[in-house]
Amino acid sequence: MILACNNISKNFGTDVILEQISFHINEREKAAIVGINGAGKSTLFKIIVGELPADTGEVTWAKGTRIGYLSQHQDLTSENTIYDEVLSVKSDLIHMEEKIRELELAMKEASGEELSHMLTTYTNLNHSFELQNGYAYKSEVFGVLKGLGFTQEEFEKKVTTLSGGQKTRVALGKLLLSTPDIILLDEPTNHLDMTSIAWLETFLQNYNGAVVIIAHDRYFLDRIVTKIIELDNTHAQTFQGNYSDYAVKKEALRQEQIHHYLSQQKEIKHQEEVIAKLRSFNREKSIKRAESREKMLDKMERVEKPVELKADMNIHLIPRTVSGNDVLTVKGLSKAFGNNLLFENIDFEIRRGERVAIIGNNGTGKTTILKLLNGLIAADSGEIKLGAKVHIGYYDQEHQVLHMEKNLFEEIQDTYPNLDNTTVRNVLAAFLFTGDNVFKQVKELSGGERGRVSLAKLMLSEANFLILDEPTNHLDITSKEILEHALLNYTGTILYVSHDRYFINRTATRILDLRCKMLLNYIGNYDYYLEKKPEVEKKYLGFALEDTTSLAKGSDRLTNHKQLYSGLSSFSPSLGKNATTGENATDKKSSQTAGMTNPAMTAGTAGKQDWLAKKEEQAKERKRQNDLKKVEAEIEKLEARDTELDGMLTEETVYSDPAKLMELNNEKTEIATRLEMLMEEWEGLAAEI
């Protein structure tokens, strides 16, 4: 075990953030900390590394543990170049190498005992240098920088001139090259493109130390981690497996909690009804029984009602009208900014009902394509044609469709003036904006909050063609899943840009990969894209882009490929396969029928048995209900007679007649005995029901 957190608690004022958090990390274990925004994930990291004190509890490290920590925001102020800044991590090796070179020169002039001493030192230094992979440290630095998305031309940029995202990548590179015993990464994929994320996955999978990650990238977590630590409602729970395993186990656990809660609520309701009924009998014994049941009910440990997070935010995207089959046709589209040519002569079409994802590295022009389609910027050449009855709803990652000076209420009402105040408030509440929060100015909101406002406007637009630019940015995992569900149930057409591979895998029916200033077409989801990517690139680009050596050699050949999409239209990667999964249709049919002698007969027999069992149980339930009614009726009849006897016993004609008095008292005794039996029978029947 390399790290143990024991009963960590943290409050900020009256807000409880973490309560009795306990878990451990083993050597070389890969784990993730997940939870909704505000659950306390980054706070927990800061407590672990000592940047923030815990209110209670302790963090225990294995002796001599070297810790590496990457926070979400980096503010490097070094005057070094990118390359020199990352290279500084290898300063010990650099000094060792300098010493080795100095000894080599000195040994030329030395002799005798001095030379012998120098040779011993030289041998020891060389051995240590080799053990630390000293002869490859420059290659390591080069590989990490390239892997994190820096071009060789950028290596000489000063760190002080970089954006926040670039500084974070530099800090990540330094951390990875320092090879600590445990790495703690807070949202490491936020500033990486898909190629860099894939590289980081491979690096972390093969990393010899322990890794703990905070991330909303579910695909990334699926590929790396074997343990999930969930922060939920200030508490922690540990699940073994990757994110998908956790999601399945979490849902099963939730269903079990719901079952326990509903069962207990049913029992509580039953007991309350029994207590009320026993009290209504208004007899000493029945009242005592009621009081006994009340005490038992008070001592019952109540199961808390499970909170359905997915019910908090409600997204319902419903098109106002149905568009024509041909939603969008693009021909010969080109765009450059100065000497930077993003793409040239690209063609593509989108049909009604498709969910198309545009993917590609940062800076290739994905967002530019969406802006061209929305008329926000002009194309250098080409034609963009919308189909009949197409109405666009646009979601941009920069939220330029929002007005920073307006408050949330005004933002919705001014865009949709026909909505009354109550409806505006209800819409905002559906996206978690309630009370006075609706009067916050847009400029005061976080990125995630602005995203929710943009989604609210999108929902109200009733568009039948959604164009979305990075719709999952700033959303926590739960909110992403809500959005996924909404898009999967949407009956219109969707075109979006995203680097969230899990989201793409769940929602896309087709992928357009923007590479080398052209589009490559894949008819399937992200798993299918990964499967066919090397084959498609080799066939249509002449090489696979993962092979950097081939990329350098093949760059000249790209100039002869002005436009690939028309050629790709004749190549359907999903021919003979399921469009979403890539599964062979024939194989699927075979697998469905294999091993079944007579499925119709089997299903029919099982169905009949289930039906008979259900009918039998329904008949028993009806009998219990009828028996209960009969018992209640007899109790009421006997109680009425008992009350009648009490009245008769006060009459002079009765209490002056010993024989009559004895007769009525005997009847009362019989009634009391019978009522006791009936009440026991009633309780038993009530419990069964």
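Leaving aside its neighbours within four places in sequence, with which residues is Leu221 in contact?

## Leu221 and the core

Contact here means heavy atoms within 4.5 Å, and on that basis Leu221 touches Ala32, Val34, Ile213, Ala215, Asn242 and Tyr243 once its neighbours within four places in sequence are set aside. The model is predicted, with local features needing pLDDT of at least 70 and side-chain atom pairs counting only at pLDDT 80 or more, while totals for chains, interfaces and linings use all residues. Residues are numbered from 1 along each chain as its sequence is written, and side-chain values use heavy atoms, with hydrogens and water left out.

Leu221 is also among the residues with the most contacts inside the largest nonpolar core, which has 102 residues; such a core is a set of buried (under 20% relative accessible area, 1.4 Å probe, protein chains only) Ala, Val, Leu, Ile, Met, Phe, Trp, Tyr and Cys residues joined through side-chain atoms within 4.5 Å.

## The sheet

Six strands (DSSP E runs of at least two residues, numbered from the N terminus) form an open sheet of mixed pairing in the order β5-β6-β7-β3-β8-β9, where pairing requires at least two DSSP bridges. Because β5 (67-70) and β9 (235-240) stand at the edges, each with a single partner strand, one side of each is left without a neighbour in the sheet.

Strand β3 (residues 30-34) runs parallel to strand β8 (residues 227-232), paired over four bridges, and Val34 stands opposite Glu230 in β8.

## Helix α3

In helix α3 (a DSSP run of H or I, at least four residues), the buried residues are Leu93, Met96, Glu97, Ile100, Leu103 and Met107. Seen down the axis of α3, these buried residues fall within an arc of 120° and therefore line one face of the helix, the arc being that of the directions from the helix axis to the C-beta atoms. Their cover includes α4 (112-131) and α5 (137-147).

Terms used
Buried < 20%, exposed > 50% of the residue type's maximum accessible area, 1.4 Å probe, protein only.
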